[in-house]
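Student: I should like to learn how to read a protein model, one feature at a time. Could we go through an example together?

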Amino acid sequence: MNSLEGFFRHFLRLYRPLITSLNELLSQFELSYSLWQVIHYVKNNGSSTLVDISTYYEVEKPTITRRVHRLEELQIVKQIPGTDRREKIIQLTERGEEIYQVCRSKITDLENSMTEGISKEKQYVLSQLLPQIRENILNKEGKKDE
């Protein structure tokens with residue numbers, strides 16, 4: 001019997017409750033996990049284009065455009081001029097920076113509660129395994145992870 005038999009079933013059963021928990025946590029800021037992804041990307045990569053964000057998350061650009069419009073309505077991100085007028089560059093506002101810090105802290109607390117009772121060694125192994133599994137999937141599909 002394969003030692004990982006059922007891995008994907010277990011992983012997929014984990015995903016939905018995790019996203020539900022994240023959405024509940026973020027809802028007090030009128031955010032969802034999909035909006036948080038944009039905030040997180042811009043915070044960690046600096047001012048970014050819509051193409052940068054859509055490429056990173058492997059999501060269509062119109063989807064990211066809708067998310068950015070919603071974040072602009074919430075005054076969390078703003079567009080800044082780029083060298084090419086057609087290119088939209090996004091950065092966090094001061095309010096966005098504050099919301100990021102509060103949410104990041106709450107998400108860290110959630111992560112800590114989810115991994116309670118799991119040794120630091122096992123947490124480390126998992127943090128190394130999941131990206132490797134993703135890389136294997138992308139390589140099998142003929143894509144390379146960037």
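**Reading the model, feature by feature**

Tutor: Let us begin with a single residue. Thr49 touches Glu87, Lys88 and Ile89, if residues up to four places away in sequence are not counted. Please bear in mind that this is a predicted model.

Student: How confident is the prediction, and which helix has the lowest mean pLDDT?

Tutor: The average pLDDT of the protein is 90, and 94% of the residues score at least 70. Among the elements, helix H6 (residues 120–140) has the lowest mean, 88, whereas helix H2 (residues 33–45) has the highest, 97.

Student: To return to Thr49, in which element does this residue lie, and is it buried or exposed?

Tutor: Thr49 belongs to strand S1, which covers residues 48–49. The general idea for the second part is a cut-off: buried means under 20% relative accessible area. Thr49 has a relative accessibility of 10%, and therefore counts as buried. In addition, a polar atom of the Thr49 side chain lies 3.0 Å from the backbone nitrogen of Asp52.

Student: How should I read the sheet to which strand S1 belongs, and in what order do its strands stand?

Tutor: A general point comes first. In a regular strand, side chains alternate between the two faces of the sheet. In this structure, 3 strands form an open sheet in the order S1-S3-S2, with antiparallel pairing. S1 and strand S2 (77–80) are at the edges with a single partner strand each, so each has one side without a neighbour in the sheet.

Student: How many bridges join S1 to S3, and how many pair S2 and S3?

Tutor: S1 and S3 run antiparallel and are joined by 2 bridges. S2 and S3 also pair in the antiparallel sense, over 4 bridges. Individual partners can be followed as well. Ile90 in S3 stands opposite Ser48, and Ile90 also stands opposite Gln79. Lys78 has Gln91 in S3 as its bridge partner.

Student: I should now like to consider the interior. Which residues have the most contacts inside the largest nonpolar core?

Tutor: That core has 27 residues, and those with the most contacts inside it are Leu31, Ile39, Leu71 and Ile76. Several elements supply at least two residues each: helix H1 (7–27), H2, helix H3 (50–57), helix H4 (61–73), strand S3 (89–92) and helix H5 (94–114). H2 provides the largest share, with 6 residues.

Student: What is Ile76 in contact with, leaving aside its neighbours within four places in sequence?

Tutor: Ile76 is in contact with Leu31, Ile39 and Leu71, and also with Gln91, Leu92, Thr93, Arg95, Gly96 and Ile99.

Student: May we compare this with a residue in a helix? Where does Ser54 lie, and what does Ser54 touch?

Tutor: Ser54 is part of helix H3. With a relative accessible area of 9%, Ser54 is buried. Apart from residues up to four places away in sequence, Ser54 touches Val59, Glu60, Lys61 and Ile64. The Ser54 side chain also reaches the backbone oxygen of Val51 at 3.1 Å.

Student: My last topic is charge. How many salt bridges does a search of the whole structure find?

Tutor: The general idea is that side chains of opposite charge can pair when their charged atoms come close. The search finds 5 salt bridges here. In one of them, the side chains of Arg70 and Glu30 meet at 3.2 Å, N to O. Arg70 is in helix H4 and Glu30 in the loop between H1 and H2, so this pair ties together parts 40 residues apart in sequence.

Student: Which other residue forms a salt bridge with Arg70?

Tutor: Glu73 does, with the closest N and O atoms 3.0 Å apart. Because Glu73 and Arg70 are 3 residues apart in helix H4, about one helical turn separates them. Glu30, Arg70 and Glu73 are thus linked in a network of salt bridges. Arg70 is partly exposed at 29% relative accessibility, while Glu73 is exposed, with a relative accessible area of 58%.

Student: What ties the loop between H3 and H4 to helix H6?

Tutor: The side chains of Glu58 and Arg134 meet in a salt bridge of 2.8 Å, N to O. Glu58 lies in that loop and Arg134 in helix H6, so the pair joins parts that are 76 residues apart in sequence. Glu58 is partly exposed, with a relative accessible area of 45%, and Arg134 is partly exposed as well, at 33%.

Technical notes: Residues numbered from 1 in each chain as written. Predicted model: local features only at pLDDT ≥ 70, side-chain atom pairs only at ≥ 80, totals over all residues. Heavy atoms only, no water. pLDDT = per-residue confidence, 0-100. Core = buried A, V, L, I, M, F, W, Y, C linked by side-chain atoms within 4.5 Å. Buried < 20%, exposed > 50% of the residue type's maximum accessible area, 1.4 Å probe, protein only. Contact = heavy atoms within 4.5 Å. Polar contact = N/O pair within 3.5 Å; in protein donor to acceptor, adjacent residues only side chain to side chain. Pairing = 2+ DSSP bridges. Salt bridge = Lys/Arg side-chain N within 4 Å of Asp/Glu carboxyl O.
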